[in-house]
Amino acid sequence: MLKETLPILLLVDDKPENLESLEAVLDDGKRRFIRVASGQDALRILLNETIALVLMDVDMPELDGIEAVKLMRKNSRTRHIPVLLVTAHGEDEYASLDGLEAGAFDLMHKPIQPRILEAKVQQLLNQWALSESSKKEMHDLAQVNAFLGDILNTVNEGISVVAPDLSQIYVNPAGSRLQGLTQSEVKGKILHCWSDLQMDMLLGAYRSQHAIHSHAARIISAKEAALPVQLSCAPLPQQQGWVVAYQDITAALTLQEELAQLIVTDTLTGALNRNGFFQAVSTAVSRSLRHSQSLYLLYIDLDYFKDVNDTYGHATGDMLLQSFCERLRSQLRTHDALGRIGGDEFAILIEGALSETEISAIAEKLLRIQAQPYVIDGHSLLVSVSIGIANCPEDSTSAGEMLRAADMAMYQAKRNGRQSYRHYSAEMNAQVTARTMLRESLMYALEKEQFELVFQPQVSTLDGRIHGIEALLRWHHPTAGTVSPAVFIPVLEDSGLIVEVSLWILRTACAQRMAWADILDDSVTMAVNLSARQFSDELICKHIQDVISDTGIPARWLEVEVTESTVIEDIDKGRRILEDLHKLGIRTAMDDFGTGYSALAYLKQLPLDVLKIDRLFVANLANDTKDQAIARAIIGLAHELGMTLVAEGVETHEQYGLLSSMGCELIQGYLFSRPIPAIDFAKLALGQPLMNVR
Ligand SMILES: Nc1nc2c(ncn2[C@@H]2O[C@H](COP(=O)(O)O[C@H]3[C@@H](O)[C@H](n4cnc5c(=O)[nH]c(N)nc54)O[C@@H]3COP(=O)(O)O)[C@@H](O)[C@H]2O)c(=O)[nH]1
C-alpha cells in the first residue's frame, strides 16, 4: 500500500509519554500517526488533513477532549470522523456518558488494555475504509455523470429519450433547440419527427427491438414546419424507451442543392452547361411530343473566337464570352433555356408554337445584336456568329438528335461565309454522314499504307532540264479508287489528322529526294505543300528540322509551298514562320498566286524565294491579252523582288512559249508530265532534257 493511502490516526495528549505508548501499541506498519499535545492543535490538524480516527485524552488543559469532540461535531468537515476518548478517571460512568453524548465513538479508561484498544481501533478503521471506498465510488460516478452531462449539453446533435408512446422523457439542449422549445417544455411532449411512413418504420423497429441507423427525416419544430434531420434511434437496453439522435442537415442539403446547381451550370457565364442544357432539351422534347407543339434549338458558334484568345489573352476571351452570353440572354424570354455547350458554342431552346419565319427573325436579330462591337478591357472587339437551327418534331425527336441537327446546320452556316444562320435539312445529314465515313476511312489510310506520293517536274525554260519537283499526295482507297486530295485534304485538316499525314509526306518526299541524289542535278528542289492547319502549328519549324536531320537532306533541296490565304490569315505569324524556315536554309514558295488576294503589297514583306502562278490563270493566257499583260507584270515584279517564277498547269506549247518569252524560269504541267509515281519519275529524270531549248 502506498504511504499516502495509509489511514492517519491523530493522537492527542498533553503528555508525550502517553502519545509515545499509544503509537507503540497501535503501530502495525499499515497506519500513519500525527501526534499533538492539545485540543486546539487537534482541531487545526483535523481541518487540514484527512484523518481516519482520533484518539484523544479527555484531561487536557485549556480545551479538554470532550469539548474538542463537541467542536468537531459542529464542523461539517470533522463531524463524521470517529473519536476514541481516553481518560484517567477510572470507571467514571458520567465521564463516559459525557464523552458519548459529545459524539465520541467510545471512551476508554486508563490503564488501557492494548488488545481491546487495537480491536476498537481496527473496527473503526474498517468502517473508515468502507466509507472511503464508497466515497470514491460516488466521486467517480459523479465524475462520469458530469462527463456524460457535458457531452449531452455540448453536443450539436439533438438527443431525446422517448417512452413507448413517443413522449419525451429526456431531451438535451441541442434537442430542445432543434424542436424550438425549452428543455422543460419538451419533457412529456411527443417527438414528432417522422412522416407517417417513417413513424411506421420506427414503430415497427420498436416492436422488433431493432435500431434504425442514420436516415433522412424531418422533425416538427415549433419554429420551422419540418426541419430536415439525419436521424438514428435505438432501444435503450433494459429500459422501456428509445434513444433518438437527430442532426440538423439544412446546411448540408443547401450545399447539396448548390452542388447540384453547379453540376448543370457553367460557372463562367451562368448559362446551363452542356449537361444541364441537354437535360433541359430532353424534358422539352418530351413535352413537345406530348403536346404536339414545336420546339426550336439554335446552335450558336462565335467565329474566330480563338483569335481573340490568342491575341488578347484568355482573361479578355472569358470576358467576351460573358458579355456575349449576356447579350444573348437579354433577347430571351424567361422560360427560354440558354446553354454553353463548349468553349465558344452556345445554344438556345425556344418553346412555343413559333413558325419557321418567326425563328428566322429571332436568328437575324441575334446576328444583328452580336454584330455590335464589344468593348472589353479597353479593346473594341467585333465578333460574328454562325447559327444553326433545328426543330422538333420535324428534324429530330430526341435531345441528342436535336443538338446534332442544329450543330450540322451551324456548320453549314459557317461554311457558307459565317455571320449567317441555316435551318437544318435532311441533305446536311447525308453530307455529314459522308464526311464522317470519309474521316474514319482516312484514319486507317496511313496505317494501311493507302497514301502515296506522286511527283511532278518543274522544268527550266533555259535548259529544258528538271530544276524542281512538286510532291503531291494520292489516296488509293481500296474500293473507291484514287481519291483527289482536293476532296480529302480538307477532311484531314478538320479532323486534325493532317499533322500526322503531313509529317509522313515531308519525311517521304525528303527521303525520295535523297534517293535520287545521283540522277538529279544538285540544284533540284523538292517542293512539299504545307496545309493551313500545319502552317498554324507552332511546332512546324521543329518538325521540319527533325525531318531534315533524320533524312540527311540538305536544307536547300527542300522547298515548302504555302497558299496566299494561309499566309494572309495572320501575316505577322506567316512572316515569322517563313523567316524561321529561311534561317534553316529551306526555300519558300507562294502557291496559287493569282487566284486569291494577290495583294502585291505583302509580297515584299514576306521572305519568299518562289512565286507560283496558278494554273487557272495560266489556262486563259493564250487567249486573253489582259491576262498576258498581268502575267508579264507579275513576272517582272517578282524578278524585281528577287523571286523565281514557276507557272503551274502548263498544258500547251503555246502557253509554254508565252511564259518563256515573258521570262518565267520554271514550267510545271501536263505538257511535261502529270504527277507520277516515284519509279516513273526516275525514268523521266534519266531522259533529260525534257525540252530542246534553242
Ligand atoms: N497540303 C497538301 N496539299 C496537297 C498535297 N498534295 C496535293 N495537295 C493539294 O491538293 C490540291 C489538288 O492537288 P492535285 O489533285 O494533286 O493537283 C495538282 C496537280 O495534279 C495539278 N496539276 C499539275 N499540272 C497540271 C496541269 O497541267 N493541268 C491541270 N489541270 N492540273 C495540273 O495541280 C495541282 C498542283 O497543286 P499546287 O501546285 O499544290 O497548287 C492542290 O491544291 C494541292 O496543293 C499535299 O501533299 N499536301
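This passage describes the ligand shell, the nonpolar cores, two helix contacts and some backbone features of a predicted model.

In the predicted model, the ligand is surrounded by 23 residues, and the closest of these are L473, P485, N529, G669 and Y670. Two or more residues of this shell come from each of strand 19 (466-477), helix 16 (485-495) and strand 23 (587-593). When the shell around the ligand is divided by class, 9 of its residues are nonpolar, 7 are polar and 7 are charged.

The largest nonpolar core contains 62 residues, and the members that touch the most other members are A471, M526, V528, L611, I613, L645 and A647. Helix 17, which spans residues 498-515, gives the most to this core, with 6 residues. A second core, separate from the largest one, has 50 residues, among them A271, L272, V281 and F324.

Two helix pairs were examined for the way in which they pack. Helix 11 (residues 305-312) and helix 12 (residues 314-330) meet at an angle of about 140 degrees, and their axes are 10 Å or less apart, at 7 Å. This angle makes helix 11 oblique to helix 12, because angles count as roughly antiparallel when they are over 145 degrees. On the side of helix 11 the contact is made by F305, V308, N309 and Y312, while helix 12 contributes H314, T316, G317 and L320. The contact of helix 11 with helix 12 has 4 nonpolar and 4 polar residues, and no charged residues.

The other pair consists of helix 14 (residues 399-415) and helix 15 (residues 426-445), which pack at an angle of about 85 degrees, with their axes 10 Å apart. Helix 14 is therefore roughly perpendicular to helix 15, a description that applies to angles from 65 to 115 degrees. The residues that make this contact are M408, A409 and Q412 of helix 14, together with M428, N429 and V432 of helix 15. By class, the contact of helix 14 with helix 15 comprises 4 nonpolar and 2 polar residues, and again no charged residue is present.

Several features of the backbone are also worth setting out. Most residues other than glycine have a negative phi, and most peptide bonds are trans. The peptide bond from C392 to P393, however, is cis, with omega near 15 degrees, and P393 is found in the loop between strand 16 (384-392) and helix 14. A cis peptide bond also joins Q688 and P689, where omega is about 0 degrees, and P689 is placed in the segment after helix 26 (678-686).

A positive phi of about 50 degrees is found at S292, although this residue is not a glycine. S292 lies in the loop between helix 10 (274-291) and strand 11 (295-303), and it counts as exposed because it has 8 C-beta neighbours inside 10 Å. D377, which is likewise a residue other than glycine, has a positive phi near 55 degrees. The loop between strand 14 (374-376) and strand 15 (379-381) holds D377, and this residue is exposed, with 12 other C-beta atoms within 10 Å.

Finally, I630 lies in helix 24 (residues 625-640). With 16 other C-beta atoms within 10 Å, I630 is partly exposed, since a residue is buried at 20 or more such atoms and exposed at 12 or fewer. The C-alpha atoms of I630 and F617 are separated by 9.8 Å, and the two residues are 13 residues apart along the chain.

Definitions and conventions
Residues are numbered from 1 along each chain as its sequence is written. This is a predicted model: local features need pLDDT of at least 70, side-chain atom pairs count only at pLDDT 80 or more; totals for chains, interfaces and linings use all residues. Axes are lines fitted to C-alpha atoms, for helices over the stretch in contact, and angles run from 0 to 180 degrees between N-to-C directions. Helices (H or I, at least four residues) and strands (E, at least two) are DSSP runs, numbered from the N terminus. Angles under 35 degrees count as roughly parallel, over 145 as roughly antiparallel, 65 to 115 as roughly perpendicular and the rest as oblique. Two residues are in contact if their C-beta atoms, placed from the backbone, lie within 7 Å. Ala, Val, Leu, Ile, Met, Phe, Trp, Tyr, Cys and Pro count as nonpolar, Asp, Glu, Lys and Arg as charged, and the others, Gly among them, as polar. A residue is near a molecule or strand if its C-beta atom, placed from the backbone, lies within 6 Å of it. A nonpolar core is a set of buried Ala, Val, Leu, Ile, Met, Phe, Trp, Tyr and Cys residues joined through C-beta atoms within 7 Å.
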